[in-house]
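Me: Please take a close look at one part of this model for me, and tell me which neighbours surround it. A bit of context on the whole chain first would help.

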Amino acid sequence: MSKTSVEIDRDIAAQAADILGTVTLRDTIDAALHEIVNARRRLELVAMFSEPGRFDFSAAENAWGGDH
């Protein structure tokens, strides 16, 4: 890991910490960066499942014993 010196808006960092449930500024920044990366991954997953023919939802329903 590398050290970087940046100016941080303490008000927005405090709001982010409250949302993320973090205590330290470092933890808040790390958690925020992880959230950004995970948000992109979730969007990519939704896009993948949205492709026509990519996923057969009826097969998933039948796998759980559904007979609707």
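Reply: Confidence first: the protein chain has a mean pLDDT of 88, and 88% of its residues reach 70 or more (pLDDT is the predictor's own confidence in each residue, from 0 to 100). Among the elements, H1 has the highest mean at 98, while helix H3 (residues 57-63) has the lowest at 70. Where pLDDT is low, don't read the predicted coordinates in detail.

Since this is a predicted model, local features need pLDDT of at least 70 and side-chain atom pairs count only at pLDDT 80 or more, while totals for chains, interfaces and linings use all residues. Residues are numbered from 1 along each chain as its sequence is written, and side-chain values use heavy atoms, with hydrogens and water left out.

The overall layout is quick to describe: 3 helices and 0 strands, running α-α-α from the N terminus on. Helices here are DSSP runs of H or I with at least four residues, strands E runs of at least two, numbered from the N terminus. Of the 68 residues in the chain, 6% are buried. The chain exposes about 6,300 Å², and carbon and sulfur atoms supply 57% of that (Shrake-Rupley areas, 1.4 Å probe; for residues, only the protein chains shown count as cover).

Now the close-up. I'd pick Thr-22, which sits in the loop between H1 and helix H2 (25-50). Thr-22 counts as buried because its relative accessible area is 18%; the cut-offs are under 20% for buried, over 50% for exposed, and partly exposed in between (1.4 Å probe, protein chains only). Leaving out residues up to four places away in sequence, Thr-22 touches Ala-17, Asp-27, Thr-28 and Ala-31, where a contact means heavy atoms within 4.5 Å.

Thr-28 has a further link to that loop: its side chain and that of Thr-22 are joined by a polar contact of 2.5 Å. That term means a pair of N or O atoms within 3.5 Å; within protein, one must be able to donate a hydrogen and the other to accept it, and residues adjacent in sequence count only if both atoms are side-chain atoms.

Thr-28 also leads us back to helix H1, where Asp-18 is found. Asp-18 and Thr-28 are 10 residues apart in sequence and 9.0 Å apart in space, C-alpha to C-alpha. Asp-18 counts as exposed because its relative accessibility is 66%. In between those categories is Ile-8, partly exposed at 32%, in the segment before helix H1 (10-20).
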